[in-house]
Amino acid sequence: MKFTVVTILPELIEPALAAGVVGRARDAGTISVATVNPRDFTHDRHRTVDDTPYGGGPGMVMKAEPLLAALDAAAPRGDAHRILLSPAGAPLTQARVRELATLPHVVLACGRYEGVDERAIELGIDEQISIGDYVLSGGELGALVIIDAVARFVPGVLGEAASVDDESHSAGVLEYPHYTRPPELAGHAVPDVLQSGNHAAIAAWRRVEALKRTAARRPDLWARLAPTAGDRKLLAKAGCAALPARTHVALVHHPVVDRTGAVVTTALTNFDVHDLARSAMTYGLAGYHVVTPITSQRDKAVHIAKLWIEDQHGQHRAQALQLVRVAASIGDAIADIGPDTVVVATSARPGAFPGARRTTAPELVADLAFDPRNVLLLFGTGWGLAEELIPSVSRVLEPIDAGTGWNHLSVRSAAAITLDRLFGRST
């Protein structure tokens, strides 16, 4: 595979290729790396490659003509894939790295100054890539990152070709922990399973540890991950049942507040029973609790659910209504679920439950993925939960925010949106 780096500072590229895996691959001829300097395509005695920006502003802009000429010298348009290293580019991913490794020739253009003349990008660049959400002095370090990452997928570069398959990000997860001799260091021992010789057990341990590490360190990756059936079996065996299957939702009619802030008890509606039960069933939750101190209201919820459960023509809705439970208080609901329950509140108010840990939906899912406890998710009716009367809350979800400044959803709509953010499939 061939790499060509277009840069005004070729001296930054060569030393980084003198050693290591990439250096050995280059020496062996498995890959080749060349540089082209845009200054060689200038026509003034100062070899100028930059100029002041139209419209004013700080800094200088890389000129289009020498950059385009250097790109053409590196490879005619269409004969190679041309990439501009830019903070405005798409983030580099392991999946994209794997795709780039299938190309015969990649040209890496390194910007400098405040930016590159947009016409050079439009006329000479196929793709823009960023190696992270930060700004460097130029694209040379980014080019070296791409060369190193892509070269690892080129056959013959790594001594063990399978190494890239187990690395972090190769399957959307971080890599499992590694150990070598000695077997014990400062009181920290190598896990017994790694010394057992049982290859199946070792593979299972490594997969579970990779999943745990991903959830703990990269909630964003965990939110996009779809665990396989095999993953779910491994996690269940490790005592980590799927989070939806141990999550309960509660619709709280007391204690809640009215528009004046007074603590009140709200009335149950037929829609409350139906809609939240169906949402809970859709996302595979363990139960739906109607919380009200009024006996007749609890009886009403039970009656509504019973009618549908016994209806021979409403089997699908009957499944959902079987999730309905009633409780006189949040404490009773917790007692029904189990004493060691994580209670999570929701609120439309940004400053709600100041003593609780604030969390986003992906953060909460990652945080609780390997916590074996059950979870109770509280939704308040009226004008929201009466915070000071619910000391069991340890976490509070960030409010739903569409950027309009208007957040007065019905509790049924808010619950559906929240459950989808927590348990819906990410694409």
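Arginine 207 is partly exposed, with a relative accessible area of 23%. On that scale, buried means under 20% relative accessible area, exposed means over 50%, and partly exposed is what falls in between (1.4 Å probe, protein chains only). Before going on, a word about the model: it is predicted, so local features need pLDDT of at least 70 and side-chain atom pairs count only at pLDDT 80 or more, while totals for chains, interfaces and linings use all residues. Residues are numbered from 1 along each chain as its sequence is written, and side-chain values use heavy atoms, with hydrogens and water left out.

Back to arginine 207. Its side chain forms a salt bridge with aspartate 231, the closest N and O atoms being 2.8 Å apart. A salt bridge here is a side-chain nitrogen of Lys or Arg within 4 Å of a carboxyl oxygen of Asp or Glu. This pair links distant parts of the chain: arginine 207 sits in helix H7 (residues 199–217) and aspartate 231 in helix H9 (residues 229–237), 24 residues apart. The labels come from DSSP runs, numbered from the N terminus: helices (H or I) have at least four residues and strands (E) at least two. Aspartate 231 counts as buried, at 3% relative accessibility. Elsewhere, salt bridges that share partners join Arg96, Glu99 and Glu127 into one network.

How many salt bridges does a search of the whole structure find? The total is 20. Here are three of them:

| Salt bridge | Closest N to O |
|---|---|
| Arginine 207 and aspartate 231 | 2.8 Å |
| Arginine 26 and glutamate 14 | 2.8 Å |
| Aspartate 117 and arginine 119 | 2.7 Å |

Arginine 26 and glutamate 14 meet through their side chains. This pair also links distant parts of the chain, with arginine 26 in helix H1 (residues 20–28) and glutamate 14 in the loop between strand E1 (2–6) and H1, twelve residues apart. Arginine 26 counts as partly exposed at 22% relative accessibility, and glutamate 14 is partly exposed with a relative accessible area of 43%. Aspartate 117, at 17%, counts as buried.

Now for the sheet. Seven strands form an open sheet in the order E15-E14-E11-E18-E16-E19-E17, and the pairing is parallel. Two strands pair if DSSP finds at least two bridges between them. Strand E15 (324–327) and E17 stand at the edges with a single partner strand each, so one side of each has no neighbour in the sheet. From one strand to the next, the twist averages 30°. As a bit of background, strands of a sheet pair through backbone hydrogen bonds, either parallel or antiparallel. One pair you can look up is E16 with strand E19 (residues 393–397), which pair in the parallel sense over three bridges. Which residue of E19 is the bridge partner of valine 344? That's arginine 395.

Two helices lie across strands of this sheet. H10 lies across E11, strand E14 (287–291) and E15, running at about 155° to E14. H15 lies across E11, strand E18 (374–380) and E19, running at about 150° to E18. Axes are lines fitted to C-alpha atoms (for helices, over the stretch in contact), and angles run from 0 to 180 degrees between N-to-C directions.

The two helices also pack against each other: H10 (residues 270–282) and H15 (residues 411–423) have axes 10 Å apart and an angle of about 5°. They are therefore roughly parallel to each other, a label for angles under 35 degrees (over 145 counts as roughly antiparallel, 65 to 115 as roughly perpendicular, and the rest as oblique). On the H10 side the contact is made by Phe271, Asp272, Asp275, Leu276, Ser279 and Ala280, and on the H15 side by Arg412, Ala415, Ala416 and Leu419. Contact means heavy atoms within 4.5 Å. By class, the contact has six nonpolar, one polar and three charged residues. Ala, Val, Leu, Ile, Met, Phe, Trp, Tyr, Cys and Pro count as nonpolar, Asp, Glu, Lys and Arg as charged, and the others, Gly among them, as polar.

Finally, some backbone oddities. A cis peptide bond joins arginine 181 and proline 182, with omega about 10°. Proline 182 lies in the loop between helix H6 (163–166) and strand E9 (184–185). The peptide bond from histidine 254 to proline 255 is cis too, with omega near 5°. Phenylalanine 353 isn't a glycine, yet its phi is positive, near 50°. Is phenylalanine 353 buried or exposed? At 7% relative accessibility, phenylalanine 353 counts as buried.
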